[in-house]
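Trainee: I am new to this structure and would like a close look at a single part of it. Could you take me slowly through one sheet and what surrounds it?

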Amino acid sequence: MVAVGLLLSPPSPAANGEPRIRQLTFVGDAEGVALDPGGTTVAFLTGQRRALVLREVDGDGELTLLQSAEPLGRPRWSPDASRLLFAGATDGRRGILGISR
């Protein structure tokens, strides 16, 4: 099982001086991770890159934004986190797609 983790900056290091690592997802094929500019939400692809998912970093919620018949491109947040852009197909035509927050 491959898990996507996010290195968080803890107020203090663990007892052994190593950074603390927290697992955020428990799906086997998460990839294309993009952390929003505010550091509160991570977007990632799963299901052979056919599902676009949002996950709150604090662990409170997860939302599948899109299921696609075609593989999707790695998501990217706009600088103000108001939009999530990714490559995908709609009506049989590939292009850059966006979802407003």
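Mentor: What follows is a walk through one sheet, its strands and a few residues beside them.

This is a predicted model, in which local features need pLDDT of at least 70 and side-chain atom pairs count only at pLDDT 80 or more, while totals for chains, interfaces and linings use all residues. Residues are numbered from 1 along each chain as its sequence is written, and side-chain values use heavy atoms, with hydrogens and water left out.

The sheet is an open one of three strands in the order E7-E8-E9, with antiparallel pairing. Strand E7 (76-77) and strand E9 (93-100) stand at its edges with a single partner strand each, so that one side of each has no neighbour in the sheet. Strands here are DSSP runs of E, at least two residues in length, numbered from the N terminus, and two of them pair if DSSP finds at least two bridges between them. In general, strands of a sheet pair through backbone hydrogen bonds, either parallel or antiparallel.

Strand E8, residues 83-90, runs antiparallel to E9 and is joined to it by eight bridges. One of the places to look is arginine 83, whose bridge partner in E9 is serine 100. Although these two are 17 residues apart along the chain, their C-alpha atoms are separated by 4.4 Å. Leaving aside residues up to four places away in sequence, serine 100 touches Ser82 and Arg83, where a contact means heavy atoms within 4.5 Å. Serine 100 counts as exposed because its relative accessibility is 55%, the classes being buried under 20% relative accessible area, exposed over 50% and partly exposed in between (1.4 Å probe, protein chains only).

The loop between E7 and E8 holds alanine 81, which has a phi near 60 degrees, a positive value in a residue other than glycine. At 10% relative accessibility, alanine 81 is counted as buried.

As for confidence, pLDDT is the predictor's confidence in each residue, from 0 to 100, and the protein chain averages 82, with 82% of the residues scoring at least 70. Within the chain, confidence is highest in E7, at a mean of 96, and lowest in strand E1 (residues 5-7), at 42. Over residues 1-12 the pLDDT stays under 50, and the model has 29 contacts beyond four places in sequence for them. Where pLDDT is low, the predicted coordinates should not be read in detail.

Technical notes: Helix = DSSP H or I, 4+ residues; strand = E, 2+ residues; numbered from the N terminus.
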